[in-house]
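Got the viewer open? Let's take a walk through this one together, stop by stop.

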Amino acid sequence: MTVTFESPRSLSTLLQQLRTQGVDRIIVVDNSLDPIALQQNRRNCESASAVHIVCNRNLGPAGAYAIGLANALGTNCKYILAIDDDCLLPTSFIDEARRAVQEDCILHPAVVETTDGQRLSYHGWVGVVIPRTAIVKMGLPIWDLIWWTEDTEYIYWRLPQGGYPLRRFGTEVVRVHKKRAAGRPAWKYYYEARNTVYFRLHVQAMNKLLIRPRHRRRYVRAFRALRSTLKLLFLAIGSGPGRYSKCQAVVRGTWDGLWGQLGARYPIEGGDRPVVME
């Protein structure tokens with residue numbers, strides 16, 4: 001299953017790759033707002049015989065992946081491949097995934113960014129393979145996170161905490177970096193600040209270990225949350241036009257994260273579109 005937002009060309013490429021490699025059941029959750037993008041995505045899904053779920057608003061990756069995984073549970077599948085629409089797959093990717101799957105672990109590939117070819121240790125929605133049993137046991141991604149940290153909380157934290165460790169497999173997935181028409185919008189500053197603080201202070205506090213490792217102790221988590229938000233605030237100050245609203249977004253996000261105030265509390269103004277609609 002995949003999530004898309006106004007990138008019909010990327011979606012078409014991904015669907016073609018999946019079909020070529022023998023995937024016969026695909027779910028597409030569409031956050032698009034533009035009617036032209038929606039129409040193109042609908043045609044792409046029809047040509048690939050994919051299920052096309054239209055959200056009619058931008059739910060962010062958190063809400064969209066929650067919807068997609070819930071719909072996948074309605075099928076008889078044993079494993080679910082969750083992947084962003086901007087990923088390019090090696091030709092042997094699906095075969096390698098089928099050979100590597102296990103019911104007691106989460107598979108994730110190595111990732112290469114097209115911008116600089118850097119190999120990343122990244123556990124986002126870039127071709128992660130999740131057993132059905134893990135989703136049934138541990139639930140869906142936190143819908144109310146909207147954007148940022150929803151993949152870390154779910155893939156890197158909650159599923160391993162439930163007894164499903166991460167295991168790397170296969171050849172490298174390439175993630176295509178999309179140039180944006182404008183700088184980072186204020187809503188991204190808000191959700192990054194809020195969700196980072198929430199994850200550090202609330203999610204990581206839920207730990208069953210009697211003796212916590214240093215990085216999970218309260219003062220370390222608090223320091224790392226503060227360090228992340230200060231970096232984000234300095235980034236907002238130097239961001240040029242709209243820096244005041246971005247700084248406000250960081251402060252507001254930090255406050256809401258501190259008190260665990262989740263949900264769509266800051267409007268996603270037009271999403272974050274590429275320079276040219278694909």
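How much accessible surface does the protein chain have, and what share of that surface belongs to carbon and sulfur atoms? The total comes to about 13700 Å², with 55% belonging to carbon and sulfur; areas like this come from the Shrake-Rupley method with a 1.4 Å probe, and for residues only the protein chains shown count as cover.

Before you click on, some ground rules. This is a predicted model, where local features need pLDDT of at least 70, side-chain atom pairs count only at pLDDT 80 or more, and totals for chains, interfaces and linings use all residues. Residues are numbered from 1 along each chain as its sequence is written, and side-chain values use heavy atoms, leaving out hydrogens and water.

**Whole chain.** Switch to a cartoon view and you should find nine helices and eleven strands. These are DSSP runs numbered from the N terminus: helices are H or I with at least four residues, strands are E with at least two. Of the 278 residues, 50% are buried, where buried means under 20% relative accessible area, exposed means over 50%, and partly exposed is in between (1.4 Å probe, protein chains only). Take the contacts (heavy atoms within 4.5 Å) with a separation of 6 or more: 79% of them join residues 24 or more positions apart.

**Helix H4.** Next, select 93-100, which is H4. Its buried residues are Phe93, Ile94, Glu96, Ala97 and Ala100. Look down the helix axis: these buried residues fall within an arc of 160°, so they line one face of H4. That arc is taken from the directions from the helix axis to the C-beta atoms. Now show the partners they pack against: helix H1 (8-20), E4, and strands E6 (106-108), E9 (126-131), E10 (166-168) and E11 (173-175).

**The second largest pocket.** Stay with H4 and add strand E4 (79-84); each supplies at least two residues of this pocket's lining. A pocket here is an open set of points on a 1 Å grid over the protein atoms alone, with protein on both sides within 12 Å along at least five of seven lines, and lining residues have an atom within 4 Å of a point. To find the centre, select Val23, Arg25, Tyr79, Ile80 and Leu81, which lie nearest to it among the 22 lining residues. The volume is about 570 Å³, counted as the space filled by probe spheres set on the points, which are joined across faces, edges and corners. What classes of residue make up the lining? There are 16 nonpolar, two polar and four charged residues.

**Cys105.** Move to the loop between H4 and E6 and pick Cys105. Cys105 is buried, at 5% relative accessible area. Leaving aside residues up to four places away in sequence, it touches Val129, Pro131, Tyr164, Pro165 and Arg167. Try a distance to Pro160 as well: 55 residues away along the chain, yet the C-alpha atoms are 8.1 Å apart.

**Ile146 and Trp148.** Most residues other than glycine have a negative phi. Ile146 has a positive one, near 65°, and Trp148 has a positive one near 85°. Ile146 sits in the loop between helix H5 (132-138) and helix H6 (150-161), and Trp148 lies in the loop between H5 and H6. Ile146 is buried at 6%, whereas Trp148 is partly exposed at 32%.

**Thr152.** Last stop: Thr152, in helix H6. Thr152 is partly exposed, at 30% relative accessibility. Beyond residues up to four places away, Thr152 touches Trp157 and Phe199.

How values were computed:
1 Å grid on protein atoms, 1.4 Å probe; cavity = no way out; pocket = protein on both sides within 12 Å on 5 of 7 lines; lining within 4 Å. Nonpolar A, V, L, I, M, F, W, Y, C, P; charged D, E, K, R; others polar.
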